[in-house]
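Here are my notes on the model you sent round. They are set out as numbered points, with a question to begin.

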Amino acid sequence: MADHHTHVQDFFTARAADWDTRFPDDAPAYAAAVEALGLHPGDAVLDAGCGTGRALPALRNAVGPHGTVLGADLTPAMLQAAVRAGRDRSGRLLLADVARLPLRNASLDAVFGSGLISHLSQPGPDLAELARVVRPGGQLALFHPIGRAALAARHGRRITDDDLRAEPNLRPLLARSGWRLDAYTDEDARFLALAVRAD
């Protein structure tokens, strides 16, 4: 686990400074994914593995000035990049591991996770931890601004049957972790899985 955390931190620390310039056109995709969550004014939402905080402005717009927006990330350099970009004005940033969140049970209405699932050290328990902090009936969005096939091609790989984001793998994984998969989209322009916190 510690080795995994170190690997994740090393990976993102090396990329934090120019992360946003590498993906400058993603804001509309983030906004559309946040809209799909169906948040309401006054809701409390967490961006889990928030990175440079690209989802935070859209989350703030969705929950309004009286809502709560939190961004949690394991890598200090990513949170520093979020501050440099001014995104800390949209939500409170937490240096935290999504596997052990400093939040009360059922304290959130929703969790947003961009590019999150492939970086979880223990996907089942980690998704269960996200379920712990969300009220029954609350939402989870697992998002990526590019689909699985396009992302694999970008990295010179092919999709494999054991990909956690494949619907036949993701649906039971979520079910075991306290979530019910409600909608699944995997197309070139985006990946978006929406799940509901089981009662």
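1. Which backbone oxygen lies 3.2 Å from a polar atom of the side chain of S177? The model is predicted, so the reply is a computed one. The oxygen belongs to G124. A second backbone oxygen, that of L173, is reached by the S177 side chain at 2.8 Å.

2. Where does S177 sit? The residue is in the loop between α8 and β6. S177 counts as buried because its relative accessibility is 6%, and the cut-off for buried is under 20%. Setting aside neighbours within four places in sequence, S177 has contacts with G124, L127, A128 and A131.

3. Helix α6 deserves a look next. The helix spans residues 123-132. Its buried residues are P123, D126, L127, E129, L130 and A131. Two of these names, L127 and A131, also appear among the contacts of S177. The buried residues of α6 pack against four strands named β1 (44-48), β4 (108-114), β6 (179-187) and β7 (190-197), and also against β5 and helix α8 (167-176).

4. On to the cavity search. How many cavities of 30 Å³ or more does a search of the whole structure find? The search finds one. The volume of the largest cavity is about 40 Å³. Rolling a probe the size of a water molecule over the atoms shows where empty space is left.

5. The lining can be checked residue by residue. G113, G115, L116, I117, L142, F143, H144, R165 and F191 line the largest cavity. By class, five are nonpolar, three are polar and one is charged. Which strand gives the most to this lining? Strand β5, residues 134-144, does, with three residues.

6. I146 belongs in the loop between β5 and α7 (148-154). Is I146 buried or exposed? I146 is buried, because its relative accessible area is 12% against a cut-off of under 20%. Beyond residues up to four places away in sequence, I146 touches L151, R154, E187, D188, A189, R190 and F191. One of these, F191, is also a lining residue of the largest cavity. G115, another lining residue, has its C-alpha atom 9.6 Å from that of I146, with their positions 31 residues apart along the chain.

7. L94 is another buried site to inspect. This residue is placed in strand β3, residues 92-95. L94 counts as buried because its relative accessibility is 11%. What does L94 touch, not counting residues up to four places away in sequence? The partners are L70, G71, A72, D73 and L79. From C-alpha to C-alpha, L94 and L74 are 8.5 Å apart in space, and they are 20 residues apart in sequence.

8. Last, the protein as a whole. The secondary structure comes to eight helices and seven strands. Of the 199 residues, 50% count as buried. The exposed area is about 9600 Å², with carbon and sulfur atoms supplying 50% of it. Among contacts with a separation of 6 or more, 68% come from residues 24 or more positions apart.

Conventions:
Residues numbered from 1 in each chain as written. Predicted model: local features only at pLDDT ≥ 70, side-chain atom pairs only at ≥ 80, totals over all residues. Heavy atoms only, no water. 1 Å grid on protein atoms, 1.4 Å probe; cavity = no way out; pocket = protein on both sides within 12 Å on 5 of 7 lines; lining within 4 Å. Points joined across faces, edges and corners; volume = space filled by probe spheres on them. Helix = DSSP H or I, 4+ residues; strand = E, 2+ residues; numbered from the N terminus. Nonpolar A, V, L, I, M, F, W, Y, C, P; charged D, E, K, R; others polar. Buried < 20%, exposed > 50% of the residue type's maximum accessible area, 1.4 Å probe, protein only. Contact = heavy atoms within 4.5 Å. Areas by Shrake-Rupley, 256 points an atom, 1.4 Å probe, with all protein chains shown as cover. Polar contact = N/O pair within 3.5 Å; in protein donor to acceptor, adjacent residues only side chain to side chain.
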